[in-house]
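Let's take a walk through a protein together. Have the sequence and the 3D view ready, and follow along at your own pace.

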Amino acid sequence: MELSGSVTTCLSLPVHYLICQVGFEKKDTYDINSILSENGEVCWQAVTEHVCYLESDRSVDYIKSIRSLGPVCESVYLHFKSLTKEQFVIQYALWFHWTNCTELFLEVFDVLQHTQTTEVALGLMKLTSCLERALGDVYLLIGKDCPFLLRDLLASEQLAVVFGQAVMNVLRVFIGSPYGLNLRNVLWHGFASPEEIPAKYCAMLLFLTAGLGQLLQMYLLQNKCILVHRPYVIFISLEELDVFPDLNHEAISIAEELVNLSSFVLKTMIPFWMAALTAFKQSRYADCVILLLPQLEVGLRLLFTTANKCQNRLLTAESSALYTTFDEMLAKHLDNEEVNQLPSVLEEPAMASEFLWDFLSHQEGPRVRDRLSHGEIDLEAFPREVANQIVAFAITLLCRFSDEDMFAFKEHMVIKPLMNCASCYCSRFHPISRLKKQVLECMKSVHLWPELPTVPEEHVQTIKGLDGHTEASTSIFMISEILSQLQQYMPQICCSSDDPINNVLTERLLIELCDTRICTLYSPRPVLEVLVILRRISTQCHQVSEQVIASTKLRYKQWMSKTLRSRQRHNYLRMLSSMKFLSPMLRLILVLMTVELVNIHLVCKKNPSDYQQYLKFLKSVLQYTENLVTYTSPEKNKWDETLELTNKTLIKIKRISDRKLMLMQLTT
């Protein structure tokens, strides 16, 4: 598709005027000593008096405030440029300790000395994210649940108590308010090019952060309290994020070529792309991703606005409207209920959308952009593995939208593996994918039961009622009957009419079912409702299995050491007997859940009455598994009750199956 090559800015005229012109209209020179005392303290009153207010409601007049603060920012900027690094450290380093990121703020000072526009923008993005995190820590001195959005945090009463409302209004002129400069958002959402962010605003925020540190120290001393920093989020299970092969220098060199050829990249944004790739080569992985994520957003916004014929939305929205951000671009419908055309212009729409949802949006995914932009991650420890995936994904998009010799690039021996990985990507953090993982982990746990150490069988058979003609045998028979009845809806390769509850066959069946590709995009509400219940059932089943394993090992050890009392021995043997029907029951539930999952798209075909009955049935199974967790806990050990409860649940399952209310039964 043909993309516009004439875009020179992504800032709308009013926003461009606000950021690039208003603060330069007053040509006054401002004496730094007016806002900086001899002992290096920020004179806040001299700063706050530059904030102007509307006569009508005494709210901040942002345009007048920016105009008035412009010369102040210039004075601060020139002041910093006049200092050596040693002088800056002596005078200011102490006042950055409250941020828990002192080194980062010292690096921003270094950047200001050279005035490289890309580095200034990067420094400002890192500064605002760390400042937000630190302000959240201050908020928690008084409040409980820290606001997620910066604008709500800056407008909170809690921060006004610590720093004063006038001080918070100064901050809101620069960040956090859509009516002000809003520097954080225009950068993190990819609207501003490097040339459009004045270095003096970065200098001013550095200055204000030091001033906040001085005010905070006074507050902490007066109130005799200590600022506690929340721990950083750590990416775990990095192997789950392993999608693309490791990138070498040749791949990055090709990416640098593609940046200049691809219509996915706005020409004004090329410096950001090149800086991101350079950062990757230099092992500055956090810097790489911070620079790259906004460029992915602006590139996709370019595709989105072109495909949906709303080119005006490529620009920053005004304060009264919303930005066109990832969330909207990944949605199924536009605000006007028309179908979003972005997926249709991507060669692999599911791949691109699922990858972005996985890495940026799904609650159980890494949520890389949120965590970076809100200062939740230790930038020094940002993992190469995550950066590698983001860069590799970006390369596939560059390649798809290259204007020249695209085929040659796609077939290159370094790029082709990336394109192949992209074309077969499946979501890893959608609730459907997480349920698959849960089921297989639970099955592995149950599969261990036969290998557990137990006492000889003749001891178990000495217990009254365990002679093979009891309710336990009835349970096993019912489980076998239900599975046999439902085999027609399952893959035939793993079915056996001779032994439908065979442990190995069940595991093979679950693996095959979980390998089935299920659409995860645009899951409707009924699907998500069912998934919540199925996942809770799976969690409870796994807990039951782990409890049984732990109890079995402990009791066997106690049996062998002859430390069990008579009642405990009897209860232990009841447990061993109960495992004979409990294992098939758990496997039955796992199979039913997984077959239902494979057919989950059919839930929307149910009429409202059947849907409610189906939900009621699933909730009854959930209640059964929750009760199992209680009965099989070390504190309870209620094995007779477990058997009775299991038989009642089996009758419910059989009834639902007979009425063909399960999703799998809608396929015929």
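We'll start with the overall build, then go inside to the cores and the rings, and end with a few loops.

First, keep in mind that this is a predicted model. What is the chain made of? The protein has 29 helices and zero strands, so you can color by helix and leave the strand color in the box. Along its principal axes, the C-alpha trace spans about 100 × 65 × 50 Å. Of the 668 residues, 57% are buried. Now look at how the chain meets itself: among contacts between residues at least 6 apart in sequence, 76% join residues at least 24 apart.

Next, split the chain into pieces. The domain assignment gives domain 1 (13-223), domain 2 (238-424) and domain 3 (434-666). If you put a point at the C-alpha centre of domain 1 and another at that of domain 3, the two lie 58 Å apart. There is also a label from a database: an unreviewed UniProt entry carries the annotation "domain: DUF4209" for residues 131-211. That span is 62% helix and 0% strand, and its end C-alpha atoms lie 12 Å apart.

Time to go inside. The largest nonpolar core holds 164 residues, and the members that touch the most others are Phe80, Phe163, Phe174 and Phe382. Helix H11 (residues 199-223) gives the largest share of this core, with 15 residues. Where does the core sit relative to the domains? Domain 1 (13-223) and domain 2 (238-424) both contribute residues, so the core lies between them. To get a feel for one member, click on Phe174. Setting aside neighbours within four places in sequence, Phe174 is in contact with residues including Leu69, Cys73, Tyr201, Met204 and Leu208. A second, separate core has 75 residues, among them Ala472, Ile479, Leu602 and Met662.

Now for the rings. A pair of aromatic rings is described by the distance of the centres and the angle of the planes. The structure holds 20 aromatic pairs. Take Phe88 and Phe109: their ring centres are 4.1 Å apart and their planes are at 10°, so this pair is stacked. The pair links distant parts of the chain, with Phe88 in helix H4 (residues 85-92) and Phe109 in helix H5 (residues 102-114), 21 residues apart. Are these two buried or exposed? Phe88 is buried, with a relative accessible area of 0%, and Phe109 is buried too, at 1%. Zoom out a little and you'll find a cluster linked by ring pairs, made of Phe80, Phe88, Tyr92, Phe96, Phe105, Phe109 and Phe207.

Rings can also have a charged partner. Arg301 lies over the face of Phe191, 4.0 Å from the ring centre. In another spot, the charged end of Lys606 sits over the ring of Tyr614, at 4.9 Å from its centre.

Finally, check out two backbone oddities. Ser237 is not a glycine, yet its phi is positive, at about 50°. You'll find Ser237 in the loop between H11 and helix H12 (249-261). Its relative accessibility is 30%, so Ser237 counts as partly exposed. Glu337, also a residue other than glycine, has a positive phi near 75°. Look for Glu337 in the loop between helix H15 (326-329) and helix H16 (342-345). With a relative accessible area of 61%, Glu337 is exposed.

Definitions and conventions:
Residues are numbered from 1 along each chain as its sequence is written. This is a predicted model: local features need pLDDT of at least 70, side-chain atom pairs count only at pLDDT 80 or more; totals for chains, interfaces and linings use all residues. Side-chain values use heavy atoms; hydrogens and water are left out. Rings of Phe, Tyr and Trp (its six-membered ring) pair if their centres lie within 6.5 Å; planes under 30 degrees apart count as stacked, over 60 as edge-to-face and the rest as tilted. Helices (H or I, at least four residues) and strands (E, at least two) are DSSP runs, numbered from the N terminus. Buried means under 20% relative accessible area, exposed over 50%, partly exposed in between (1.4 Å probe, protein chains only). A charge sits over a ring if NZ of Lys or CZ of Arg is within 6 Å of the ring centre and within 35 degrees of the ring normal. UniProt positions are given in the numbering used here, feature names are shortened, and annotations may be inferred rather than shown by experiment. A nonpolar core is a set of buried Ala, Val, Leu, Ile, Met, Phe, Trp, Tyr and Cys residues joined through side-chain atoms within 4.5 Å. Domain bounds come from an automatic or database domain assignment. Contact means heavy atoms within 4.5 Å.
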